[in-house]
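Here's a quick walk through this protein, written for someone who would rather look at the fold than read a validation table. Have the viewer open as you go.

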Amino acid sequence: MEIKGKNTSFLLDLLNIFLEILIKYSYNNKKCPLSLPLTDSGKGGYSMEERTFKITSKNSNVPLKIAHGHFATNHSHVNYYIDMTTLKTRQSEAEAAAKALVPHYIANTVVDTIVCLDGTQVIGAYLAQELNHSGFMSINAHQTIYVVTPEYDANGQMIFRDNIQPMIRGKHVLILMASVTTGITVRKSAECIQYYGGIAAGVSSIFSAVDEVEGMRVNAIFTGDDVPGYETYTSHECPMCRQGQKVDALVNSYGYSKL
Ligand SMILES: [Zn+2]
């Protein structure tokens with residue numbers, strides 16, 4: 001029995017090594033092998049989990065999980081789902097992400113408040129700590145950085161309640177996001193911060209498909225260049241839709257829902 005168990009585990013190891021080589025080979029050739037229709041495992045396709053593979057940022061050791069397919073977001077259709085779940089929830093990964101974001105800022109940047117979107121509060125707290133350690137200035141009376149998250153009204157409009165508004169009004173506000181695809185959310189957030197009397201000090205994101213939004217630079221750990229063949233389309237210009245390729249899942253900052 002023991003020998004049989006060892007053999008099975010050896011075969012599994014071999015299979016894993018083979019899969020890894022296949023994924024690496026395809027990644028190097030800017031193609032993903034897992035571009036088959038998303039189905040449940042064992043039904044002739046690959047499940048979301050099976051088609052997910054990991055890339056690492058160039059200048060730091062931040063891992064990012066990506067899955068190839070046809071996905072619909074609020075504002076666009078994309079050919080990759082970028083899974084930020086563990087980056088946002090695993091302490092060590094959130095800290096590594098914050099550390100990777102800090103070098104994007106020069107030390108005379110003033111940051112009073114970090115507004116965390118897309119569930120990035122854990123990264124936001126570490127980012128505040130890293131900015132403090134690196135000697136960044138804040139003009140807050142308490143010489144520290146506020147980390148806040150906005151509320152959304154029934155129309156999806158970002159709002160700040162009266163108790164949070166003093167952390168925005170007259171403050172240098174850094175917008176922290178998980179993913180920037182079209183820039184629409186960045187623009188809306190900056191407008192909202194200005195509406196409440198804040199000064200948008202910059203945008204940080206784990207992943208961004210764009211370099212800047214309306215003159216504001218988006219500092220990202222991962223860009224479109226890091227994700228092989230990453231494409232974003234408006235829903236009516238999506239070539240995958242035109243080819244009749246079924247949308248695999250709806251995605252937003254909370255995650256994905258298979259269709
Ligand atoms: Zn589409």
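Among contacts in the protein with a separation of 6 or more, 64% link residues 24 or more positions apart. Keep in mind that this is a predicted model. Its mean pLDDT is 83, and 78% of the residues reach 70 or more. The stretch to watch is residues 23-44, where pLDDT stays under 50 and the model has 32 contacts beyond four places in sequence. Where pLDDT is low, the predicted coordinates should not be read in detail.

As for the parts list, the protein has six helices and 14 strands. Of its 259 residues, 34% are buried.

**The sheet**

What is the strand order in the open sheet? Going across, the six strands run S5-S4-S8-S9-S11-S10, with mixed pairing. Strand S5 (146-148) and strand S10 (212-213) sit at the edges, each pairing on one side only. Here are some of the pairings:

| Strand pair | Sense | Bridges | Opposite residues |
|---|---|---|---|
| S4 and S5 | parallel | three bridges | Ile114 and Val147 |
| S4 and S8 | parallel | four bridges | Cys116 and Leu176 |
| S10 and S11 | antiparallel | two bridges | Glu212 and Arg217 |

In general, strands of a sheet pair through backbone hydrogen bonds, either parallel or antiparallel.

Two helices are worth finding next. Helix H3 (residues 91-101) lies across strand S9 (199-208) and S11, and runs at about 135 degrees to S11. Helix H4 (residues 121-133) also packs on the sheet, where it touches strand S4 (113-116), S5 and strand S8 (172-180). The direction of H4 makes about 165 degrees with that of S4.

**The core**

S4 is covered on both faces: Thr113 and Val115 are buried on one side, and Ile114 and Cys116 are buried on the other. Try clicking on Ile114. Setting aside neighbours within four places in sequence, Ile114 is in contact with Gly124, Leu127 and Ala128, and also with Ile145, Val147, Leu174 and Leu176. Val147 is the bridge partner of Ile114 in S5 as well.

Which residues have the most contacts inside the largest nonpolar core? They are Ala97, Ile114, Leu127, Ile175, Leu176 and Ile206, in a core of 57 residues. The biggest giver to this core is S8, with seven residues. The core also draws at least three residues from each of domain 1 (2-87 + 236-258) and domain 2 (91-225). As background, nonpolar side chains tend to be buried together in soluble globular proteins.

**A buried asparagine**

Now for a polar residue: Asn79, found in strand S3 (residues 77-83). Why does Asn79 count as buried? Because Asn79 has 21 C-beta neighbours inside 10 Å, and the cut-off is 20 or more.

Leaving out neighbours within four places in sequence, the contacts of Asn79 are His68, Gly69 and His70, along with Gly229, Tyr230, Glu231 and Met240. Gly229 is 150 residues away from Asn79 along the chain, yet their C-alpha atoms are separated by 8.3 Å.

Notes: Residues numbered from 1 in each chain as written. Predicted model: local features only at pLDDT ≥ 70, side-chain atom pairs only at ≥ 80, totals over all residues. Pairing = 2+ DSSP bridges. Contact = placed C-beta atoms within 7 Å. Axes fitted to C-alpha atoms, helices over the stretch in contact; angles between N-to-C directions. pLDDT = per-residue confidence, 0-100. Buried ≥ 20, exposed ≤ 12 C-beta atoms within 10 Å, placed from the backbone. Core = buried A, V, L, I, M, F, W, Y, C linked by C-beta atoms within 7 Å. Domains from an automatic or database assignment.
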